[in-house]
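New to this one? Here's a quick briefing to read with the model open beside you.

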Amino acid sequence: MYEIQKDQSVPVKFFAGEYPVVTAVKAVAAGKSVKQYEPVKLTDNGIEPVVKVAASEAVSGTSTPAKSEYENTTAGIYGIAATAAEATEEIVVYLTGEFFADAITLPEGVTADTLAKAFRNIGIFLK
């Protein structure tokens, strides 16, 4: 027999205040995918998700300095993806605004506290 399916949609409170929201449209880098409300960085290839990157040591004989896990993880941070997208698709990215930290899709091993300072530097505030 047929059953009636009961689906529920739970709204997510994403915007946390009145700070002006600025957006940009960018293409996702080839071979990458982005989840909705995921922190993203801008690379030469396009938009990529922020991922946890371990600390790196200085390279002897070069001018490459040692970098902390925070510096490596937040390098190139650009904003928050408004929607999910696959490689080469264009997406809207939030460049500024106030957002609830618990609504952000965080990558494994990265906390909202880790991203808060880098986001503040580009005009994104987590509550």
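How many aromatic pairs does the structure hold? The count is 8. Keep in mind that this is a predicted model. From those pairs we'll move on to the strands, the nonpolar cores and the overall picture.

**Aromatic pairs**

- Start with F14 and Y94, whose rings make a tilted aromatic pair, 5.6 Å from centre to centre with 40° between the planes.
- This pair ties together distant parts of the chain: F14 sits in the segment before β1 (22-27), while Y94 belongs to strand β5, 80 residues apart.
- Buried or exposed? Both F14 and Y94 turn out to be buried.
- Next up are Y19 and F125, which meet edge-to-face, with 4.9 Å centre to centre and 70° between the planes.
- They also link distant parts of the chain, since Y19 lies in the segment before β1 and F125 in strand β6 (residues 124-126), 106 residues apart.
- Y19 has 35% relative accessibility, so it counts as partly exposed.
- F125 is partly exposed too, because its relative accessible area is 26%, and buried would mean under 20%.
- F14 and Y94 show up again in one aromatic cluster, together with F15, Y37 and F99.

**Strand β4 and its partners**

- Why can we call strand β4 (residues 77-81) largely enclosed by the rest of the structure? Because 5 of its 5 residues are buried.
- On one pairing, β4 runs antiparallel to strand β2 (residues 39-43), over 3 bridges.
- Look for V40 there, standing opposite G79 in β4.
- β4 also pairs with strand β5 (residues 90-99), again in the antiparallel sense, this time over 2 bridges.
- In that pairing, A81 stands opposite V93 in β5.
- As background for looking at any of these strands, side chains in a regular strand alternate between the two faces of the sheet.

**Nonpolar cores**

- The largest nonpolar core has 15 residues, and among those with the most contacts inside it are F14, I77, I80 and Y94.
- F99, L115 and F119 are also on that list of residues with the most contacts inside the core.
- Which elements each supply at least two residues of this core? They are β4, β5 and α2 (112-121).
- The largest share, 3 residues, comes from α2.
- F99 is worth clicking on: leaving aside residues up to four places away in sequence, it touches F14, F15, A16, I80, Y94, I104, I124, F125, L126 and K127.
- So F99 touches both F14 and Y94, the two rings of the tilted pair, as well as F125, a member of the edge-to-face pair.
- A second, separate core has 11 residues, including V34, Y78, A85 and V93.
- More broadly, nonpolar side chains tend to be buried together in soluble globular proteins.

**The whole protein**

- You'll find 2 helices and 6 strands, and along the sequence they follow the pattern β-β-β-α-β-β-α-β.
- The C-alpha trace spans about 70 × 35 × 25 Å along its principal axes.
- What percentage of the 127 residues counts as buried? It's 35%.
- Take the contacts between residues at least 6 apart in sequence: 68% of them join residues at least 24 apart.
- The accessible surface is about 8,300 Å², and carbon and sulfur atoms account for 50% of it.

Notes
Residues are numbered from 1 along each chain as its sequence is written. Side-chain values use heavy atoms; hydrogens and water are left out. Buried means under 20% relative accessible area, exposed over 50%, partly exposed in between (1.4 Å probe, protein chains only). Helices (H or I, at least four residues) and strands (E, at least two) are DSSP runs, numbered from the N terminus. Two strands pair if DSSP finds at least two bridges between them. Rings of Phe, Tyr and Trp (its six-membered ring) pair if their centres lie within 6.5 Å; planes under 30 degrees apart count as stacked, over 60 as edge-to-face and the rest as tilted. A nonpolar core is a set of buried Ala, Val, Leu, Ile, Met, Phe, Trp, Tyr and Cys residues joined through side-chain atoms within 4.5 Å. Contact means heavy atoms within 4.5 Å. Accessible areas come from the Shrake-Rupley method with a 1.4 Å probe; for residues, only the protein chains shown count as cover.
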